[in-house]
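Dear colleague,

Please find below the structure I am handing over to you, together with its sequence. My notes on what was found follow directly after it.

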Amino acid sequence: MIDSFGRNITYMRISVTDLCNLRCLYCMPESGIEKRPHRDIISVEEIGAIARAAAKCGIKKIRLTGGEPLVRRGIIDICRLISATDGIEELCITTNGILLPKYAEQLRDAGVMRINFSLDTLDPDRYRQISRIGSLSDALAGLDAAIEMGFSPIKINAVLIGGVNDDEIGRFAELTRDRDIHVRYIELMPMGDSADWSSEHYLPGTAVLDALPALEPAGVEGVAQRYRLPGYKGTVGIITPVSSHFCGQCNRIRVTADGKLKTCLHSAPETNLRGLSEEELEDTLRAAILAKPWTHSLDGGAFSETARNMNEIGG
Ligand code: SAM
Ligand code: SF4
């Protein structure tokens, strides 16, 4: 449906858990988070009902995220329910990939069409430093499993962190030489644990263009500006939520793992979606979409207004 500013809202991201098998520096506290009682997290049935109501409001694409969506019990049932929902044309998942060797085939069979893979470094020691507890070889095994199951194109999302992984921009771009891989750099957003990091860690997306002057524009894909190295098969994308926000084209809404609707990632307002009939759910979604803010507060170095860490919202 069209919101008050003429934007067509067609995309919903659902965080199916706030738990994760990694502890990325910019996303989760080092100690992890306290496991909430089961009843505090939206159930498989609730997710199904939210998807049906959302489809009636014009949502066509759903992305499952987290925390790590693949640690959620019932993730395959959730995928089956959503992909069988009338009106939902596209089901995608964003994952750190660690559990893909176990789940890639089941995800494909349950109707997942695309996988976005989060990977910030190709260096094993650095991977451990950023994820605190993960291993690069496990993540790469997940990437291989997704490719083997025929997921294509593969998108790799890397958070650009000054002084941490900005020396790997060329190395990541090399992944696009012969394969239909799309590497997308996302600007680090000042929220949760990363909110008080010093400014040298916050690089604008243009740092990618500075590092790879041979990049040629290759159009726009969703919120990413795409580029390609001459003769390369895949692309390099830049996503700039901080230096140049794309609120005017924002077509998305989000549901948190505890069942709150957020119509803007960086704004504070949330709307409860739990304990509602399907009719009430649809009415609530429609009203919230109409009240979706025009823009968020991140401009000019301001902090995100959301009180949540990214693992609760899903990015
Ligand atoms: N665990 C899954 C994963 O990592 O792909 C899904 C959830 S994770 C919160 C979704 C995306 O948000 C990841 O690509 C992650 O890198 C990104 N993210 C988390 N915190 C961020 C931050 N402060 N700034 C920019 N991106 C962030
Ligand atoms: Fe987990 Fe994804 Fe957050 Fe990393 S970015 S801690 S993998 S939820």
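To begin with the surroundings of a ligand: in this predicted model, the residues around ligand 2 are Cys 20, Leu 22, Cys 24, Cys 27, Met 28, Gly 67 and Asn 96. Sorted by class, this shell comprises five nonpolar and two polar residues, with no charged residues.

I turn next to the sheet. It is an open sheet of 12 strands with mixed pairing, and the strand order is S7-S8-S9-S6-S5-S4-S3-S2-S1-S10-S11-S12. Strand S7 (216–221) and strand S12 (271–272) are at the edges; each has a single partner strand, so one side of each is left without a neighbour in the sheet. Within the sheet, strand S4 (residues 114–118) and strand S5 (residues 154–160) run parallel and are joined by three bridges. Here Phe 117 stands opposite Ile 156 in S5.

A helix also packs on this sheet, namely helix H2 (residues 75–83), which touches strand S1 (11–15), strand S2 (61–65) and strand S3 (90–95). The direction of helix H2 makes about 175 degrees with that of S2.

Finally, there is a pocket to report. The second largest pocket has a volume of about 260 Å³. Its lining consists of Thr 17, Asp 18, Leu 19, Lys 35, Arg 36, Pro 37, His 38, Ile 41, Val 71, Arg 72 and Arg 73. By class, the lining of this second largest pocket divides into five charged, four nonpolar and two polar residues.

Yours sincerely

Notes: Residues numbered from 1 in each chain as written. Chains lettered and ligands numbered in written order. Predicted model: local features only at pLDDT ≥ 70, side-chain atom pairs only at ≥ 80, totals over all residues. Heavy atoms only, no water. Near = heavy atom within 4 Å. Nonpolar A, V, L, I, M, F, W, Y, C, P; charged D, E, K, R; others polar. Pairing = 2+ DSSP bridges. Helix = DSSP H or I, 4+ residues; strand = E, 2+ residues; numbered from the N terminus. Contact = heavy atoms within 4.5 Å. Axes fitted to C-alpha atoms, helices over the stretch in contact; angles between N-to-C directions. 1 Å grid on protein atoms, 1.4 Å probe; cavity = no way out; pocket = protein on both sides within 12 Å on 5 of 7 lines; lining within 4 Å. Points joined across faces, edges and corners; volume = space filled by probe spheres on them.
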